Amino acid sequence: MACLALYLFATDGITSACAIRENFMKTPNKHLIALINYCALVPLVYFIPELINPFLPANKLLQVCVDVAIIVPIISYLVMPIAVKYLK
């Protein structure tokens, strides 16, 4: 919020505030985001453990931690940013 105030102070006020508000208000539908998240997670959760677990020790906790450590960044940094970009 402080960054927004500094930006408004440093620029031309009302025009910039309207532009910032429009950018923040253009958020995709939450239900559509959830559906995209689900559709992206199903194949990742199905295939990644099968591909990775043969190379890991038999410790189930370690296998799950490695699988999640691979799946979460794919969803967070690849799938969701692309989906939000195309839905705006």
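Analyst: A residue is called buried when its relative accessible area is under 20%, exposed when that area is over 50%, and partly exposed when it lies in between. Please keep in mind that the model discussed here is predicted.

User: Why is Cys-39 called partly exposed?

Analyst: Cys-39 has a relative accessible area of 47%, and partly exposed is the class between under 20% and over 50%, so Cys-39 is placed in that class. The value for Cys-65 is 44%, and therefore Cys-65 is partly exposed as well.

User: How many disulfides does the structure hold, and what would make a pair of cysteines count as one?

Analyst: A pair counts when the two cysteine sulfur atoms are within 2.5 Å, and by that test the structure holds zero disulfides. The term itself refers to a covalent bond between the sulfur atoms of two cysteines.

User: What does the chain look like as a whole, in terms of helices and strands?

Analyst: The chain has four helices and zero strands, and read along the sequence it follows the pattern α-α-α-α. Of its 88 residues, 16% count as buried, while the chain exposes about 7,000 Å², of which carbon and sulfur atoms supply 73%. Among contacts with a separation of 6 or more, residues 24 or more positions apart account for 54%.

User: Which residues make up the largest nonpolar core, and what makes a set of residues a core?

Analyst: A core is a set of buried nonpolar residues joined through side-chain atoms within 4.5 Å, and the largest one here has seven members, namely Ile-33, Ala-40, Leu-44, Ile-48, Ile-71, Ile-75 and Met-80. Helices α3 and α4 each supply at least two residues of this core, with the largest share, four residues, coming from α3. As a general background, nonpolar side chains in soluble globular proteins tend to be buried together.

User: How do you know that Leu-44 counts as buried, and which residues does Leu-44 touch?

Analyst: Leu-44, which is found in helix α3, has 17% relative accessibility, and because this is under 20%, Leu-44 counts as buried. Setting aside residues up to four places away in sequence, Leu-44 touches Pro-49, Ile-71, Ile-74 and Ile-75. Leu-44 and Ile-74 are 30 residues apart along the chain, and their C-alpha atoms are separated by 8.9 Å. Ala-40, another core member, is in contact with Ile-75 and Val-79 when its neighbours within four places in sequence are left aside.

User: Why are Asn-53 and Gln-63 both called buried?

Analyst: Asn-53 has a relative accessible area of 16%, which is under 20%, and so Asn-53 is buried. For Gln-63 the value is 11%, again under 20%, and therefore Gln-63 counts as buried too. Asn-53 is found in the loop between α3 and α4, whereas Gln-63 has its place in helix α4. Beyond neighbours within four places in sequence, Asn-53 is in contact with Gln-63 and Asp-67, and Gln-63 touches Asn-53, Leu-56, Pro-57 and Ala-58.

User: What makes Leu-35 eligible for a nonpolar surface patch, and which residues share the patch?

Analyst: A patch residue needs over 30% relative accessible area and no salt bridge; Leu-35 has 46%, so Leu-35 passes the accessibility part of that test, and Leu-35 is classed as partly exposed. The patch, of about 450 Å², is made by Leu-32, Leu-35, Tyr-38, Val-42 and Leu-87. Helix α3, which spans residues 30-52, gives the most to the patch, with four residues, and Leu-35 lies in this helix.

How values were computed
Residues numbered from 1 in each chain as written. Predicted model: local features only at pLDDT ≥ 70, side-chain atom pairs only at ≥ 80, totals over all residues. Heavy atoms only, no water. Patch = residues over 30% accessible without salt bridge, like charges linked within 9 Å, V, L, I, M, F, W, Y side chains within 5 Å. Areas by Shrake-Rupley, 256 points an atom, 1.4 Å probe, with all protein chains shown as cover. Salt bridge = Lys/Arg side-chain N within 4 Å of Asp/Glu carboxyl O. Buried < 20%, exposed > 50% of the residue type's maximum accessible area, 1.4 Å probe, protein only. Contact = heavy atoms within 4.5 Å.
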